[in-house]
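User: I am new to this structure and would like a close look at a single part of it. Please go through how that part is arranged, step by step, and then place it among its surroundings.

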Amino acid sequence: MIGALIARDLRRGLTGAAWLPAAFFLLVATLVPFAVGPDARLLARIGGGILWVAALTAALLPIERLVEPDRADGVLDQLALHGLAEESIAAAKIVAHWLSFAPLLLVAALPASALLAINGTALLRTEIALAIGTPGLAALAMAVAAVTAGLPRASALAGLLLLPLAIPLLIFGAANALLLEAAVSLLLTAGAPFVAGAAIRASRT
Amino acid sequence: MSALLRIDQVALRRGGRLLFEELDLTLAPGEAVLVRGPNGSGKSSLLRLAAGLLSAERGRVERAPLALADEHDALDRELPLARALALWGGAALDALGIEHLRDVPVRLLSSGQRKRAALARVAGSGARLWLLDEPINALDGDGAARLEAAIADHLAAGGALLAASHQPLAGVARTLELGA
């Protein structure tokens with residue numbers, strides 16, 4: 001059942017607007033040279049941080065389709081009746097969400113780094129940090145999506161919740177402190193299924 | 001023979017309002033009960049309590065493996081019906097007369113056809129306890145007759161049924177009245 005759920009969520013993620021967060025990420029990276037001017041040295045210095053800000057804002061886009069449609073359609077109820085714990089449902093959804101979100105983001109980071117005059121080694125470091133940090137970002141997005149599911153103005157609320165909680169990922173990712181980035185990402189990935197599971201149970205009426 | 005559903009001295013509170021208390025209900029194999037009561041009396045909540053989706057304020061609920069059909073059909077809109085049902089382990093499309101719809105995307109189905117699909121999922125689940133919330137709603141005469149035949153087969157095979165409905169359900173004589 002877990003495997004079927006991951007496959008189903010991944011299919012829905014990819015056939016839906018999977019390119020949307022990646023395109024948004026690229027767009028934010030495009031805005032920066034317009035805003036600060038085409039000084040290559042300045043862009044290269046701030047480029048890594050810009051990519052992280054872009055990744056965080058792109059992570060907001062899919063939040064409203066992660067949990068709420070399945071809650072409203074009764075899918076979460078039926079999964080529970082098929083014997084899945086809410087924590088397992090959340091963990092499966094995190095895996096599927098990361099798979100539909102992170103690889104495209106890593107690909108989009110290639111043209112974005114060209115726009116920001118980031119050189120080869122710096123790009124490689126940023127890609128590694130993104131690869132380490134995105135599981136935590138995907139898990140955080142799932143927890144926030146579950147907490148806000150069914151609430152009015154859920155997407156605005158989700159942004160207010162997710163961005164502050166993602167600051168540690170941003171700090172260590174942009175500073176390229178890979179071990180600390182991995183620690184934060186691991187903490188978020190391990191904790192989010194429990195938060196999301198409790199939120200799913202509490203949202204039942 | 002052990003009961004498939006045992007609700008023992010249960011009280012349920014939703015949104016600060018006590019829906020019912022000291023409720024007892026036992027379903028043995030082959031038994032069926034129709035829950036009746038005005039809107040807002042807690043029929044659907046009782047079914048969700050029996051399913052384990054809500055927890056009681058007091059009392060105990062024991063249940064056999066079960067299948068639930070309520071107002072949510074839990075089918076992916078973009079998929080053909082048979083594939084959407086496959087996530088839940090398949091369904092008895094024949095019994096509800098929707099075998100010819102297996103390749104039709106769920107989003108193109110009428111509400112009655114989706115209701116039949118949800119009921120077919122329950123009928124094909126193999127669960128011994130069925131929980132049906134307003135099963136007759138949106139069904140035409142043929143659908144209702146097929147549902148009643150499926151229920152009769154299920155009860156004859158030693159299953160049990162708890163249904164909530166405003167309309168009588170053929171073959172289900174025992175009722176439980178909930179107050180407003």
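Analyst: Two residues are said to be in contact if their C-beta atoms, placed from the backbone, lie within 7 Å. The model is a predicted one. By that cut-off, 11 residues of chain B are in contact with 10 residues of chain A. The side of chain B that touches chain A is made up of eight nonpolar, one polar and two charged residues.

The part to look at closely is an open sheet of three strands in chain B, with the order β2-β1-β4 and antiparallel pairing. Strands β2 and β4 of chain B stand at the edges with a single partner strand each, so one side of each has no neighbour in the sheet. From one strand to the next, the twist averages 25°. Helix α1 of chain B, residues 43–51, packs on this sheet and touches β1, β2 and β4 of chain B. The direction of α1(B) makes about 125° with that of β1(B).

Next come the pairings within this sheet. Strand β1(B), residues 5–14, and strand β2(B), residues 17–27, run antiparallel and share seven bridges. The hairpin of β1(B) and β2(B) has two residues between its strands, and B:G15 takes a positive phi near 55° there. One bridge in this pairing links B:L5 with B:L27 of β2(B). On the other pairing, five bridges join β1(B) to β4(B), again in the antiparallel sense.

What stands opposite B:R6 in β2(B), and what in β4(B)? In β2(B), the residue opposite B:R6 is B:T26; in β4(B), B:E62 stands opposite B:R6. Further along β1(B), B:D8 faces B:R60 of β4(B). As a rule, side chains in a regular strand alternate between the two faces of the sheet.

How many of the six residues of β4(B) are buried? A residue is called buried if 20 or more other C-beta atoms lie within 10 Å of its own. By that count, strand β4(B), residues 58–63, is hardly covered, with zero buried residues.

Chain B also holds an open sheet of five strands, in the order β5-β6-β7-β3-β8, with parallel pairing. Its edge strands are β5(B), residues 66–69, and β8(B), residues 174–177, each of which pairs on one side only. In this sheet the twist averages 15° from one strand to the next. Strand β5(B) and strand β6(B), residues 129–133, run parallel and are joined by four bridges. In β6(B), B:L129 is the bridge partner of B:L66. Helix α3 of chain B, residues 111–123, packs on this sheet, touching β5(B) and β6(B), and its direction makes about 175° with that of β5(B). Helix α4 of chain B, residues 141–156, packs on the sheet too, touching β3(B), β6(B) and β7(B). The direction of α4(B) makes about 145° with that of β7(B).

One residue in a helix of chain B can be placed as well. B:R83 lies in helix α2(B), residues 81–86. B:R83 is partly exposed, because 16 other C-beta atoms lie within 10 Å. B:R83 and B:A120 are 37 residues apart along the chain, and their C-alpha atoms are separated by 14 Å.

For chain A, a pair of helices gives a point of reference. The axes of α3(A), residues 40–60, and α9(A), residues 154–165, come within 10 Å and cross at roughly 145°. This crossing of α3(A) and α9(A) is right-handed. The contact is made by A:L56, A:A59 and A:L60 on α3(A), and by A:A158, A:G159, A:L162 and A:L163 on α9(A). Of these residues, six are nonpolar, one is polar and none is charged.

The largest nonpolar core has 121 residues, and those with the most contacts inside it are A:A55, A:A141, A:M142 and A:A146. Leaving aside neighbours within four places in sequence, A:M142 is in contact with residues including A:L66, A:A90, A:I94 and A:A192.

Note on methods
Residues numbered from 1 in each chain as written. Chains lettered and ligands numbered in written order. Predicted model: local features only at pLDDT ≥ 70, side-chain atom pairs only at ≥ 80, totals over all residues. Pairing = 2+ DSSP bridges. Axes fitted to C-alpha atoms, helices over the stretch in contact; angles between N-to-C directions. Left-handed = near helix turned anticlockwise from the far one by under 90°. Nonpolar A, V, L, I, M, F, W, Y, C, P; charged D, E, K, R; others polar. Core = buried A, V, L, I, M, F, W, Y, C linked by C-beta atoms within 7 Å. Buried ≥ 20, exposed ≤ 12 C-beta atoms within 10 Å, placed from the backbone.
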